[in-house]
Amino acid sequence: PAWLRRLCGQLLSERLMRPSGVQAVVRGIMEGTGAGGSGAEAAAVDWRKCDTVAKILASCPQQCLSLEDYYRLVCPQILDLLHIQDKLTARQFQRVATTTLLTMVKEHPQLAEKHLLQPLLAPLLRCSEA
């Protein structure tokens with residue numbers, strides 16, 4: 001029903017914009033991926049899930065006041081996904097992070113540059129300037 005979709009969307013949006021919300025949402029959706037099935041089948045399911053999660057993360061929710069605010073809150077959390085230590089989890093999280101980054105760069109290049117690319121490339125830029 002429409003009311004349930006709206007409510008789930010609202011709860012998802014609220015969670016994403018909280019501290020560590022992106023990681024909680026990604027963990028919740030990706031939980032159990034990669035178990036069972038043949039290797040190729042499990043990998044295909046894994047990729048589809050990663051792409052779906054990335055699309056969710058790249059989409060600004062209706063409840064958010066502005067796209068700038070959404071990027072400001074969510075992009076640092078997306079970059080944090082690149083630093084997960086657990087090897088099994090890290091692979092999926094890195095896939096989600098890179099796919100989200102690519103989607104955001106395509107859809108809103110200026111905001112993605114400001115909130116994703118500049119922080120990501122800052123250490124490299126500092127080294128090249130020195």
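**Figure 1. Helix H4 of the predicted model, seen along its length.** Helix H4 covers residues 67-80, and its 14 residues should span 20 Å at 1.5 Å a residue; the end C-alpha atoms are 20 Å apart, so the expected and the computed span agree. The helix nevertheless contains a kink of about 30 degrees at valine 74, shortly before proline 76. Several residues of H4 are buried, namely Tyr70, Tyr71, Val74, Cys75, Gln77, Ile78 and Leu79. Valine 74 therefore has two roles in this view: it is the site of the kink and it belongs to the buried residues of the helix, each of which has under 20% relative accessible area. Of the helices in the chain, H4 has the highest confidence, with a mean pLDDT of 93.

**Figure 2. Glutamine 77 and its contacts.** Glutamine 77 lies in helix H4. Is this residue buried or exposed? Its relative accessible area is 10%, and because the cut-off for a buried residue is under 20%, glutamine 77 counts as buried. Apart from residues up to four places away in sequence, glutamine 77 touches Leu16, Arg18, Pro19, Ser20, Gly21, Val22 and Gln23. One of these partners, arginine 18, is 59 residues away in sequence, yet the two C-alpha atoms are 9.7 Å apart in space. Another partner of glutamine 77 is serine 20, which is placed in the loop between H1 and H2. Serine 20 has a positive phi of about 65 degrees, although it is not a glycine.

**Figure 3. The crossing of helices H1 and H2.** Helix H1 comprises residues 2-16 and helix H2 comprises residues 21-30; their axes come within 7 Å and cross at roughly 130 degrees. This angle makes H1 oblique to H2. On the H1 side, the contact is made by Leu12, Arg15 and Leu16, and on the H2 side by Gly21, Val22, Ala24 and Val25.

**Figure 4. Valine 25 in the contact between H1 and H2.** Valine 25 is a residue of helix H2. With a relative accessible area of 8%, valine 25 is buried, because this value is under 20%. Which residues does valine 25 contact, leaving aside its neighbours within four places in sequence? They are Leu12, Arg15 and Leu16. The C-alpha atoms of valine 25 and arginine 15 are separated by 7.4 Å, and the two residues are 10 positions apart along the chain.

**Figure 5. Phenylalanine 93 and its surroundings.** Phenylalanine 93 is found in helix H5. Its relative accessible area is 1%, and phenylalanine 93 is therefore buried. Leaving aside neighbours within four places in sequence, its contacts are Gln23, Val26, Arg27, Leu81 and Ile84. Valine 26 is 67 residues from phenylalanine 93 along the chain, but their C-alpha atoms are separated by 7.5 Å.

**Figure 6. Threonine 100 and its contacts.** Threonine 100 also belongs to helix H5, which covers residues 87-107. How much relative accessible area does threonine 100 have? The value is 0%, and threonine 100 is thus buried. Not counting residues up to four places away in sequence, threonine 100 touches Ala54, Leu57, Ala58 and Ile78. Its partner Ile78 is among the buried residues of H4. Helix H3, residues 39-58, has the lowest confidence in the chain, at a mean of 76.

**Figure 7. The bend in helix H6.** Helix H6 comprises residues 109-129, and a straight helix of 21 residues would span 30 Å at 1.5 Å a residue. Between its end C-alpha atoms, however, H6 spans only 24 Å. Where does H6 bend? The bend, of about 50 degrees, is at alanine 122, and proline 123 follows within four residues. Leu111, Ala112, His115 and Leu116 are buried in this helix, and what covers the buried residues of H6 includes H4 and H5.

**Figure 8. The whole chain, for orientation.** The chain contains six helices and zero strands, and along the sequence it follows the pattern α-α-α-α-α-α. Of its 130 residues, 32% are buried. Among contacts with a separation of 6 or more, 64% are between residues 24 or more positions apart. The mean pLDDT of the chain is 85, and 88% of the residues reach 70 or more.

How values were computed. Residues numbered from 1 in each chain as written. Predicted model: local features only at pLDDT ≥ 70, side-chain atom pairs only at ≥ 80, totals over all residues. Heavy atoms only, no water. Expected span 1.5 Å × (residues − 1). Bend = angle between axes of the 7 residues up to and from the residue. Buried < 20%, exposed > 50% of the residue type's maximum accessible area, 1.4 Å probe, protein only. pLDDT = per-residue confidence, 0-100. Axes fitted to C-alpha atoms, helices over the stretch in contact; angles between N-to-C directions. Parallel < 35°, antiparallel > 145°, perpendicular 65-115°, else oblique. Contact = heavy atoms within 4.5 Å.
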